[in-house]
Amino acid sequence: MAYAYLFKYIIIGDTGVGKSCLLLQFTDKRFQPVHDLTIGVEFGARMITIDGKQIKLQIWDTAGQEAFRSITRSYYRGAAGALLVYDITRRDTFNHLTTWLEDARQHSNSNMVIMLIGNKSDLESRREVKKEEGEAFAREHGLVFMETFKRECLILTMRRMALRSVLSTRRQEALAPAVRVLAVQRAGAAVRCCAAHTERAKRG
Amino acid sequence: MDFFKSGLKTVLGASEPGQLPSGAETVERLVDRVNNSTLLEDRRDACRALKAMSRKYRVEVGAQGIDTLKQVLELDRADNETINYALDTLNNIMSPSQFEEEEDNPHVPMNIGEQFTEMFIKDPHNIQLVLDLLDEYDFRVRLSTVQLLTSLLTNRTKDIQEIILVKPMGVSKMMDLLGDTREVIRNETLLLLIKLTKGNANIQKIVAFENAFDRLFEIVSSEGYSDGGIIVEDCLLLMLNLLKNNSSNINFFKEGSYIQKTLPMFNTPSDSDDAGWSPQKVSNVHCMLQIIRTLVSPSNSAQIISSCQKIMKNVGLLDALCNILMTSGVPADILTETINTVGEVVRGDVANQDFMGNIMAPSNPPRPAIVVLLMSMVNEKQPFSLRCAVLYCFQCYLYHNELSQASLVQTLLPSSTDVSTLTSGQLLCGGLFSTDVLSNWFSAVALMHALIDNPGQKEQLLRVLLATNVGSTPVSLLHQCTLLLQQTTKLQSKVALLMLLSQWMSYCGAAVSAFLQVPGGVGYLVNQTCSNEHDDNEYLLQGLSAFLLAICIHFNDDSVESYTKDSLKQLLVKRIGVETFTAKLSEVSKHELYNKAAKHPQLRVKIPPEILIDYEFCRLFKVLESVLIQSVSIHQENHSSEDQQPPPEDNLEQYKTLIRQQDARLQELMQQLDGLMQQNNALQAALNDSIASNSLLKDENTLLKAQASAKLPSHHSSQSDQSSQATPGQNSQSSQATANTDQRLSDSENRVQALTLEVNRLTSELRSALDSKQQAEVELDRTKKAQEDMRKDQDDLLELLADQDMKINEYKMKLISMGQSVAEDTPAENELNLT
Ligand SMILES: Nc1nc2c(ncn2[C@@H]2O[C@H](COP(=O)(O)OP(=O)(O)OP(=O)(O)O)[C@@H](O)[C@H]2O)c(=O)[nH]1
Ligand SMILES: [Mg+2]
């Protein structure tokens with residue numbers, strides 16, 4: 001149960017591209033062929049091991065329907081990473097990537113890792129978006145790109161994302177000691193200032 | 001300014017009302033001032049005055065000032081004091097409660113705050129204005145803003161929730177306030193969040209996502225867990241809101257290891273502890289128990305329940321809860337709720353049920369906790385709600401657990417009767433035949449739960465013998481129950497016995513046969529069913545009797561000669577009639593208390609008279625009702641095939657799995673079909689192509705043939721034309737022509753042949769092209785696979801590299817900490833560049 005790191009990720013992208021299926025495959029180790037439209041968001045979790053360390057991934061699967069867009073925006077700020085998903089058999093889902101990216105960049109922390117996923121690559125015969133196009137888009141926007149439909153690809157993607165998060169956390173931690181001292185000092189000061197208030201303030 | 005001040009003074013002092021401006025006029029003047037004055041100080045004073053008037057003259061200030069006030073929020077943001085007056089005024093106007101000042105003013109409508117709220121939120125932008133003020137660090141402004149939002153939410157919960165939900169960062173901003181180091185703000189924010197999250201799953205999820213559980217547990221722990229003040233209760237109420245009916249959040253709570261964090265809440269005060277159970281502690285623990293129950297509520301999905309139950313056992317929570325049961329001095333309502341909670345934590349989980357069954361109470365002599373609990377259940381002096389809780393807990397203990405069912409029945413069997421120790425079975429038998437009607441009911445229902453879906457125990461229980469009087473021959477338990485059913489006049493006892501017998505005899509021919517042998521049993525049921533009394537409870541009794549009678553028919557194994565299946569059926573048809581029987585049966589599910597009981601496994605009753613029907617009985621009734629009606633109305637010849645059907649629930653389950661399997665199969669086949677359709681399309685296209693080219697060649701061929709034959713007939717006709725006047729010269733000429741034509745004919749034929757060959761060649765070429773295309777595709781697939789493998793390898797290498805980088809980083813860190821300087825390069829970026 002103990003873990004070295006905990007990261008929160010979100011899955012975004014148009015409705016029907018297969019976000020919930022990806023989450024289920026990742027957390028429950030199964031593919032569910034029929035899945036309802038997501039309402040709001042759903043939560044899933046999974047532990048992975050990197051470098052012998054347990055890493056807990058908490059994943060929020062958002063609803064792709066336009067009506068839920070504003071709810072989804074509430075999830076960017078707290079997320080360490082996002083899986084941006086499109087469906088290679090539906091060009092419109094690829095065309096909308098820019099909008100998604102804008103939304104994500106506007107509402108998230110600057111260091112949020114974004115992975116681009118071209119989903120349903122098992123449906124080769126119905127392909128509308130070439131793999132090269134996905135790659136080009138990813139290169140242009142500095143994203144990591146993957147075409148997935150197999151579980152293994154997905155896990156690998158998640159591991160890569162987690163790896164990035166670990167690295168970025170470690171880099172922050174390297175700076176942390178100094179920051180932490182500052183924080184403690186400031187908190188101490190605040191406590192003293194408010195001590196007088198506190199007694200009166202407690203409701204009872 | 002002076003004029004205004006004195007004006008206000010007179011209004012507020014109001015010694016001579018006749019001559020002085022009315023409240024409305026003063027308000028109007030003040031609003032004007034806020035609107036038109038260019039001096040900030042003027043506006044500030046006017047706002048302060050409006051605030052002062054807004055309690056007594058709420059209607060006037062609200063009606064005239066609401067627009068002006070929100071303008072202030074927008075335009076005077078730089079001045080905290082003014083903003084604060086405006087906020088307080090708005091807060092007063094929209095306050096959900098009545099002020100003392102307006103108590104005897106008949107002109108103030110009761111829901112005035114709600115009406116003004118409605119006006120205020122007509123423009124959703126106004127909420128944004130208020131939300132923006134949360135960014136203000138000033139203590140007063142922040143506090144007033146939080147309070148205003150709380151009032152707004154109290155008045156129009158749903159509307160405001162929807163508005164806030166679509167404001168980016170709306171919810172997040174409020175969550176940030178939980179981290180405010182000023183406790184007043186933090187505490188007010190708790191109240192705000194409780195209102196905000198009420199009944200709105202989307203908001204609940206965002207709040208959970210924003211680390212609410214972490215924050216709340218931090219606060220709870222810093223306040224001293226259950227010994228903390230009302231703040232702890234507020235935190236727990238908020239958690240409860242976040243979890244209720246929200247499986248996503250429950251999942252998050254479980255996955256986030258928060259169940260473990262509830263443990264310190266259940267530290268019971270030791271006897272030496274002076275504080276003991278303060279009212280606040282009772283509330284806090286009660287809340288926490290509610291949270292636990294929300295996680296394992298029978299209305300959750302089976303998957304969630306079972307994983308939460310396992311965690312609760314593993315982290316020692318079940319143990320802690322059972323400890324509370326065994327501790328003395330625990331207040332009754334905490335004890336009751338803990339019993340309910342323990343029940344739900346063990347319900348249907350064999351390991352947990354086992355754990356519970358093995359707990360010994362520290363009594364003298366030591367007894368199993370279960371026995372001690374049952375002692376309370378059949379004890380008239382115990383509080384009613386506690387007795388109900390014990391029944392529920394015991395039902396949970398037996399639920400889906402053949403072993404615990406068996407061990408209960410075991411305690412009643414002759415072999416194990418050890419007079420010196422008190423057993424569960426003895427307690428229940430005692431309760432069954434006691435003079436306390438509630439004990440009858442609780443015991444009958446408890447016993448009934450030992451028989452659910454358990455044919456083995458139904459037969460075992462038939463072996464139980466009771467010694468009624470000293471010296472008389474012992475009678476069977478079933479016999480005694482049947483006699484009691486005929487003798488008792490109490491409704492609850494009758495209903496309880498009818499339910500017990502129904503559960504016992506359904507799917508059990510031996511029990512039916514035992515019942516049929518009890519004198520008067522069948523007659524009693526027939527009389528009850530025919531009875532003609534009119535009141536809801538009588539209808540219920542008639543229906544239940546009809547139900548049991550039909551069970552006697554349907555599950556009859558014809559072993560009692562006087563009451564075979566057929567003879568009983570005839571009896572029913574003659575004495576009661578199928579129509580009447582059906583009508584009586586249908587009365588059961590019409591009873592108010594039946595419907596109440598059918599909703600939830602736990603009895604949710606407040607007073608003893610409401611106790612009548614049990615949840616599991618409702619399930620049995622639902623399953624059997626139509627089966628029995630059919631069985632009774634079906635003609636005698638074809639009944640035999642229906643004997644000993646497997647339980648319908650099993651059937652239902654079987655059908656469900658079957659449907660699920662078929663669904664999956666269907667899905668699979670659909671996918672296959674999809675693929676085949678595509679393949680078919682491609683082949684069709686290729687076929688069309690070759691058909692087209694074939695027919696092109698054919699056309700050409702026909703054309704040539706036609707050309708060739710066009711030559712022939714013209715030749716023939718000229719020949720016949722000329723034949724009448726044939727001359728040798730002409731003849732030779734014509735033979736020359738014939739030779740010519742022959743020549744051309746054979747030319748044509750040659751060409752046709754050549755073309756046919758060409759067609760053949762092209763066709764075979766096409767075929768080989770198709771073949772090679774197929775080969776190429778196979779090759780392509782192989783290459784693709786290889787490529788993918790290589791990519792995977794590359795990815796793995798990448799990971800390895802990154803892992804190494806991490807290690808390097810670590811070593812660097814160590815070096816740095818040891819005072820070495822290290823060349824500055826960032827390994828993570830290298831990794832990024834590589835991908
Ligand atoms: N062939 C194929 N179908 C997939 C794959 N992933 C998902 N699907 C199908 O795509 C449909 C939509 O999948 P969902 O996961 O519900 O889509 P979503 O992105 O969560 O949609 P919203 O919840 O509305 O945002 C389902 O019918 C899935 O069976 C895949 O990898 N291959
Ligand atoms: Mg979905």
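**A lined cavity, a magnesium site and salt bridges**

The largest cavity is lined by B:Arg347, B:Tyr392, B:Gln395, B:Cys396, B:Tyr399, B:His449, B:Pro601, B:Asp614, B:Tyr615 and B:Glu616. Two elements of chain B, α23 (384–398) and α36 (615–633), each give two or more residues to this lining, and α23(B) contributes the most, with three residues. The space in this largest cavity is about 70 Å³, and the structure holds three cavities of 30 Å³ or more. A cavity here is a set of points on a 1 Å grid over the protein atoms alone where a 1.4 Å probe fits but cannot get out, with lining residues having an atom within 4 Å of a point; the volume is the space filled by probe spheres set on the points.

The model is predicted, with local features needing pLDDT of at least 70 and side-chain atom pairs counting only at pLDDT 80 or more, while totals for chains, interfaces and linings use all residues. Residues are numbered from 1 along each chain as its sequence is written, chains are lettered from A and ligands numbered from 1 in the order in which they are written, and side-chain values use heavy atoms, with hydrogens and water left out.

Chain B, which carries this cavity lining, comprises 39 helices and four strands (DSSP runs numbered from the N terminus, with helices being H or I of at least four residues and strands E of at least two). Of its 835 residues, 46% are buried, that is, under 20% relative accessible area, with exposed meaning over 50% and partly exposed in between (1.4 Å probe, protein chains only). Among contacts in chain B with a separation of 6 or more, 70% join residues 24 or more positions apart, a contact being heavy atoms within 4.5 Å. The accessible surface of chain B is about 41,100 Å², and 52% of this belongs to carbon and sulfur atoms (Shrake-Rupley method, 1.4 Å probe).

Turning to chain A, the magnesium ion (ligand 2) has as its protein donors A:Ser20 (OG) and A:Thr38 (OG1), lying 1.9 Å from the ion. A:Ser20 belongs to helix α1 (residues 19–28) and A:Thr38 to the loop between α1 and β2 (41–50), so that the pair links distant parts of the chain, 18 residues apart. Both donor residues are buried: A:Ser20 has a relative accessible area of 9% and A:Thr38 one of 11%. Donors are N, O and S atoms within 2.8 Å of the metal (3.2 Å for Na, K and Ca), and the site may look incomplete because water is not among the atoms.

Over all chains there are 38 salt bridges, each a side-chain nitrogen of Lys or Arg within 4 Å of a carboxyl oxygen of Asp or Glu. One of them joins B:Lys310 to B:Asp349, with the closest N and O atoms 3.1 Å apart. Because B:Lys310 sits in helix α18 (residues 302–314) and B:Asp349 in the loop between α20 (332–346) and α21 (350–357), this bridge ties together parts of chain B that are 39 residues apart in sequence. B:Lys310 is partly exposed at 44%, whereas B:Asp349 is buried at 5% relative accessibility.

A more local bridge pairs B:Lys70 with B:Asp67, their closest N and O atoms being 3.0 Å apart; the two residues are three apart in helix α4 (residues 58–75) of chain B, about one helical turn. B:Asp67 is partly exposed, with a relative accessible area of 45%. B:Asp180 and B:Arg182 meet in a salt bridge of 2.9 Å, N to O, and both residues are buried. Finally, a network of salt bridges links B:Arg44, B:Asp45, B:Arg48, B:Asp79 and B:Glu81.

Key
On a 1 Å grid over the protein atoms alone, a cavity is a set of points where a 1.4 Å probe fits but cannot get out, and a pocket is an open set with protein on both sides within 12 Å along at least five of seven lines; lining residues have an atom within 4 Å of a point.
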